[in-house]
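Please open the model in your viewer and keep the sequence beside it, so that each selection can be followed in both. The tour goes from one pair of helices to another, and then to a single helix and two loops.

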Amino acid sequence: WGYTAINSIAPHQHLSPAIYREIQQTDKLTAHIATSLLIRHDNPEESLEKLKTLRDMIDNEEIRVVTAKYLIDGVVEGNTAYLKEPYDEAAGLGKNYNAYPEWTCEKLEESFEAVLNAGFSIHCHSIGDASTIMVLDALETAQDRAERRDEGFRSTITHLQLVDSEDI
């Protein structure tokens, strides 16, 4: 009865994956935990090393460090979702403003490939249609290039507020 597992995809300073280990050490952890870390666009290699270190440090039967989280774009409400078509000029951001992704296609492909080769799943925050197609293309490329195929790929894209029907 109750919760048996938690997929903790958005850890932050007040809920870091290490906190689950602290709870486990008090014998009060009553659920299985799958957790992640954010892969930062400004330093993906260092982020991946931190993720590997975390896995080595706390991965066990109850707590699994399995996912690399990516923020690809922002949100429509803040005019930061990366869109194929420009925002309405009424947004006050110019005639051809589509917002910008956090990643370049090339860097995203390289990072995805490294993460897959390290044995992690990929979880992407994507709101805009341009962001989503960028993720889909990068996933396809990275999966084709990845050396590790024995574990399968468990990639997810969440939010998907605007998706081009061709990309579904």
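**A tour of the helices**

Begin by selecting H3 and H4, whose crossing is right-handed, a word used when the near helix is turned clockwise from the far one by less than a right angle, whereas anticlockwise would be left-handed. The model is a predicted one, in which local features need pLDDT of at least 70 and side-chain atom pairs count only at pLDDT 80 or more, while totals for chains, interfaces and linings use all residues. Residues are numbered from 1 along each chain as its sequence is written, and side-chain values use heavy atoms, with hydrogens and water left out.

Helix H4 covers residues 129-145, and its axis lies 8 Å from that of H3 at an angle of about 45°; axes here are lines fitted to C-alpha atoms, for helices over the stretch in contact, and angles run from 0 to 180 degrees between N-to-C directions. H3 and H4 are therefore oblique to each other, since angles under 35 degrees count as roughly parallel, over 145 as roughly antiparallel, 65 to 115 as roughly perpendicular and the rest as oblique. Helices (H or I, at least four residues) and strands (E, at least two) are DSSP runs, numbered from the N terminus.

Next, show the side chains that make this contact (heavy atoms within 4.5 Å), among them Leu108, Phe112 and Leu116 of H3 and Met134, Ala138 and Leu139 of H4.

Now keep H3, which spans residues 105-117, and add H2, where the two axes come within 11 Å and cross at roughly 20°. H2 and H3 are therefore roughly parallel to each other, and the contact is made by Pro44, Glu45 and Leu48 of H2 with Lys107, Ser111, Ala114 and Val115 of H3.

Move on to H1, residues 17-25, and colour Pro17, Tyr20 and Gln24, the buried residues of this helix (buried means under 20% relative accessible area, exposed over 50%, partly exposed in between, with a 1.4 Å probe and protein chains only). Seen down the axis of H1, these buried residues fall within an arc of 45°, so they line one face of the helix, the arc being that of the directions from the helix axis to the C-beta atoms. They pack against strands E1 (5-8), E2 (32-38) and E3 (63-71), and against helix H2 (44-58).

Finally, select Asp27 in the loop between H1 and E2, where phi is near 65°, a positive value in a residue other than glycine. Asp27 is exposed, with a relative accessible area of 71%. Asn79, in the loop between E3 and H3, has a positive phi of about 60° although it is not a glycine.
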